Amino acid sequence: MTKLIGDGEAGAPPALTRRRGLLAGMALLPLLAACAGGDAQPALQPPPGYRHLTPLQLNVLDIEVVEPGPMRADPPAPLLPAELAARMGRERLVPVGTSGRARFLVDSATLIRERASAGGLFSQATERLTVAIRIRVEVLGNDGRRVGFAEAEVRRNATVIDEGPASRARAADTIVRQALDDLNVEFEFQLRRNLRDWIMSGAPAAPLPGPVQQESLVRPGT
């Protein structure tokens, strides 16, 4: 007569088989947790702010910061370029006039990821990050017509080693911060150059740096 055996070891009682399976699963939990922890996104620093910098005082009654719509930011993206560019406008521009108004706009702000190399037996996978931001300030007369404007644009790119989600998040955080540092310098330069008639004389007249050019960053080992 043929004996039919269900789940578990042949001839073992069902309760014993289930108990062994449970113990084996519990033994695997620390290993699974360790593997998952290796890809966890690390705690990153707070986003940059600009209130500690000398405000850019415009001779207008009001400044409107137009909140940007959704713009491309390939994940993982701990910092969103569009949100931080708008924050720069809110925290750096100050209206000190009695008439007229200005408008701050984020024309584009993107973080794009592209596979640089897939890696292989003797090389690591790499990806290329590109951050591009363009902002604009418009001065409007009492009739709503534009009477002056300034634009600032920056681009940064880097090729980095892809070691998993945590390293990708750190790389994105770093390059976005660098691009915003560039933008902050370029923004003030363009504002003082193109809207000098609307910059209040009480604002500090620090030496103007040269405009920021496109800059590439390639890390060793790529």
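Which residue of β4 does Val-65 stand opposite? In this model, the residue across from Val-65 is Phe-104 in β4, and this pair is a convenient way into the fold. The model is a predicted one, in which local features need pLDDT of at least 70, side-chain atom pairs count only at pLDDT 80 or more, and totals for chains, interfaces and linings use all residues. Residues are numbered from 1 along each chain as its sequence is written, and side-chain values use heavy atoms, with hydrogens and water left out.

The secondary structure of the chain comprises three helices and seven strands, where helices (H or I, at least four residues) and strands (E, at least two) are DSSP runs numbered from the N terminus. Read from the N terminus, the order of the elements is α-β-β-α-β-β-β-β-α-β. Of the 222 residues, 36% are buried, a term that stands for under 20% relative accessible area, with exposed meaning over 50% and partly exposed the range in between (1.4 Å probe, protein chains only). Among contacts with a separation of 6 or more, 76% link residues 24 or more positions apart; a contact here means heavy atoms within 4.5 Å. The chain exposes about 13000 Å², of which carbon and sulfur atoms supply 54%, the areas coming from the Shrake-Rupley method with a 1.4 Å probe and, for residues, with only the protein chains shown as cover.

Back to the strands, which count as paired if DSSP finds at least two bridges between them. Strand β2 (residues 62-65) runs parallel to strand β4 (residues 101-117), with four bridges between them. Besides the pair described at the start, Asp-62 has Arg-101 as its bridge partner in β4. The two faces of β2 are unlike in cover: Ile-63 and Val-65 make up the covered face, while Asp-62 and Glu-64 are on the uncovered one. On the way from β2 to α2, the loop contains Pro-76, which is joined to Pro-75 by a cis peptide bond with omega of about -5 degrees.

Strand β4 is also joined to strand β5 (residues 126-140), in the antiparallel sense and through 15 bridges; here Leu-111 is partnered by Val-131. In turn, β5 pairs with β6, again antiparallel and over 15 bridges, and Val-137 faces Ala-150 of β6. The hairpin of β5 and β6 has five residues between the strands, and in this hairpin Gly-144 adopts a positive phi near 90 degrees. Further on, the charged end of Arg-146 is placed over the ring of Phe-149, 4.2 Å from the ring centre; the criterion is NZ of Lys or CZ of Arg within 6 Å of the centre and within 35 degrees of the ring normal.

What holds the interior together? In soluble globular proteins, nonpolar side chains tend to be buried together. A nonpolar core is a set of buried Ala, Val, Leu, Ile, Met, Phe, Trp, Tyr and Cys residues joined through side-chain atoms within 4.5 Å. The largest such core has 40 residues, and those with the most contacts inside it are Leu-58, Leu-93, Ile-133, Ile-135, Leu-183, Phe-187 and Leu-191. Two or more residues each come from β1 (56-58), β2, α2 (81-92), β4, β5, β6 (146-161) and α3 (165-194), and α3 gives the most, with nine residues. Leaving aside residues up to four places away in sequence, Leu-58 touches a long list of partners, including Ile-63, Leu-93, Val-137, Leu-191 and Trp-198.

A search of the whole structure finds one aromatic pair. The partners are Phe-104 and Phe-187, set edge-to-face at 5.7 Å centre to centre with 75 degrees between the planes. By the definition used, rings of Phe, Tyr and Trp (its six-membered ring) pair if their centres lie within 6.5 Å, and planes under 30 degrees apart count as stacked, over 60 as edge-to-face and the rest as tilted. Because Phe-104 lies in strand β4 and Phe-187 in helix α3, the pair ties together parts that are 83 residues apart in sequence. Both rings belong to buried residues, Phe-104 at 0% relative accessibility and Phe-187 with a relative accessible area of 3%.

Two further positions complete the picture. Pro-55, in the loop between α1 (14-37) and β1, is partly exposed, with a relative accessible area of 30%. Its C-alpha atom is 4.9 Å from that of Arg-92, a residue 37 positions away along the chain, and Pro-55 touches both Arg-92 and Val-94, residues up to four places away in sequence not being counted. Val-154, in strand β6, is buried at 4% relative accessibility. From Val-154 to Asn-184 the C-alpha separation is 9.6 Å, across 30 residues of sequence.
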